[in-house]
Amino acid sequence: MRRMHKYFKNFITAFILCLWVVGLCGCEKELTESDIKATDVYQDLETEYNKLQRKYDKLSGNQADTSTEETQVNASQYLSKVKQSNYTKVRYSCNRNSRYEITDNASLCKWLKNQLAKAIPDTNKNAEEFQTEQTALYSYTLYNENNSICQCQIYEGDYVIFSDIADTVYYAAGTCRLGDASFAGENFPNIPRSFKLQFYESQLAYKGGELLSIAETKLLAGKFADMQLKKLAVKPADVEAVAQEEYIFKCDGTTYVVEAYTSCFSVTKDGSQVEWYQAEPDEVREFLELPE
């Protein structure tokens with residue numbers, strides 16, 4: 001814009017100089033506006049001015065488009081880099097109460113980075129306005145072998161803002177699951193629920209270290225709930241030393257570890273409260289085959 005003002009100033013200066021020259025030449029006739037615009041000097045200056053104006057408009061438009069294209073390319077390159085990275089641990093924090101956890105579970109790292117890499121920009125949301133109106137629920141930081149990181153803020157509804165792409169709001173399906181599973185909501189501590197129900201409502205579940213989908217989690221939890229389990233007062237004396245399979249359910253900040261033996265299960269809540277349940281061997285075998 002400054003350049004245009006400069007060009008316009010030069011245009012006016014040249015035109016005034018032209019009139020001054022005409023005056024020096026002894027032109028006695030008073031020139032009208034039409035006469036002035038009809039002069040070759042005016043026409044040349046106007047033509048040059050219009051050329052510069054069109055050039056300015058074109059450049060302005062190209063610069064805006066290029067800026068947008070560069071932003072899109074950079075964002076695409078960033079998400080591609082996230083997808084190709086081999087993250088070895090994840091630090092996730094609850095912004096509400098400043099609690100955090102760190103895991104090096106390879107299955108979870110892979111799942112989370114894949115969800116983030118598939119993030120879709122929401123063009124209907126202005127990032128600055130969104131961050132003013134919304135408060136992030138969780139913060140995630142993924143680290144690879146070289147301590148290169150991917151940092152992002154997670155909002156309700158699986159909306160994500162990456163630290164390196166702060167001007168765009170993204171949608172990444174399921175990303176709230178990690179935080180919801182690990183940090184209890186404000187109302188959950190006051191709601192009594194059986195562990196079987198919590199299994200079914202778990203946001204995250206593992207079988208042998210492999211992260212299960214929501215559908216697989218509900219299938220597994222439903223099968224566990226259908227078994228005719230008998231609670232035991234103490235650990236069975238004849239139980240084998242090593243469980244046949246281990247399952248982990250994480251629901252609203254509570255972690256349950258379920259170990260399946262030949263004819264019984266142990267259920268450990270938050271690493272301390274252990275309960276034992278008798279089961280029919282056939283039921284255990286059927287349970288171990290799930291999910292398919």
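Visitor: Where is the place of Asp122?

Guide: Asp122 lies in the loop between strand 3 and helix 5 (127-133), where helices (H or I, at least four residues) and strands (E, at least two) are DSSP runs numbered from the N terminus. This is a predicted model, in which local features need pLDDT of at least 70 and side-chain atom pairs count only at pLDDT 80 or more, while totals for chains, interfaces and linings use all residues. Residues are numbered from 1 along each chain as its sequence is written, and side-chain values use heavy atoms, with hydrogens and water left out.

Visitor: Does one call Asp122 buried or exposed, and why?

Guide: Buried means under 20% relative accessible area, exposed over 50%, and partly exposed in between, with a 1.4 Å probe and protein chains only. Asp122 counts as buried because its relative accessibility is 15%.

Visitor: Which residues is Asp122 in contact with, leaving aside its neighbours within four places in sequence?

Guide: Contact means heavy atoms within 4.5 Å, and on that basis Asp122 touches Tyr159, Val169 and Tyr170. A polar contact is a pair of N or O atoms within 3.5 Å; within protein, one must be able to donate a hydrogen and the other to accept it, and residues adjacent in sequence count only if both atoms are side-chain atoms. Here the side chain of Asp122 reaches the backbone nitrogen of Asn124 at 3.0 Å.

Visitor: What is the order of the strands in the open sheet that contains strand 3?

Guide: Strands of a sheet pair through backbone hydrogen bonds, either parallel or antiparallel. Two strands are taken as paired if DSSP finds at least two bridges between them. In this open sheet of 7 strands the order is 2-1-4-5-6-7-3, with antiparallel pairing, and the edge strands, each pairing on one side only, are strand 2 (99-103) and strand 3 (120-121). Helix 4 (residues 106-117) packs on the sheet, touching strand 1 (87-94), strand 2, strand 4 (138-144), strand 5 and strand 6, and its direction makes about 75° with that of strand 1; such axes are lines fitted to C-alpha atoms, for helices over the stretch in contact, and the angles run from 0 to 180 degrees between N-to-C directions.

Visitor: How many residues has the largest nonpolar core?

Guide: A nonpolar core is a set of buried Ala, Val, Leu, Ile, Met, Phe, Trp, Tyr and Cys residues joined through side-chain atoms within 4.5 Å. The largest one has 33 residues, and Leu116 and Phe162 have the most contacts inside it. Helix 4 gives the largest share of this core, 6 residues. A second, separate core of 21 residues includes Leu229, Tyr247, Phe287 and Leu288.

Visitor: Which strands are at the edges of the sheet with the order 9-8-11-12-13-14-10?

Guide: That open sheet of 7 strands, with antiparallel pairing, has strand 9 (210-211) and strand 10 (230-232) as its edge strands. Helix 8 (residues 214-226) packs on the sheet and touches strand 8, strand 11, strand 12 (254-260) and strand 13 (264-269), its direction making about 110° with that of strand 11.

Visitor: How many bridges pair strand 11 with strand 12?

Guide: Strand 11 and strand 12 pair in the antiparallel sense over 7 bridges, and Val257 in strand 12 is the bridge partner of Ile248. The two strands form a hairpin with 2 residues between them, and Asp252 in the turn has a positive phi of about 50°.
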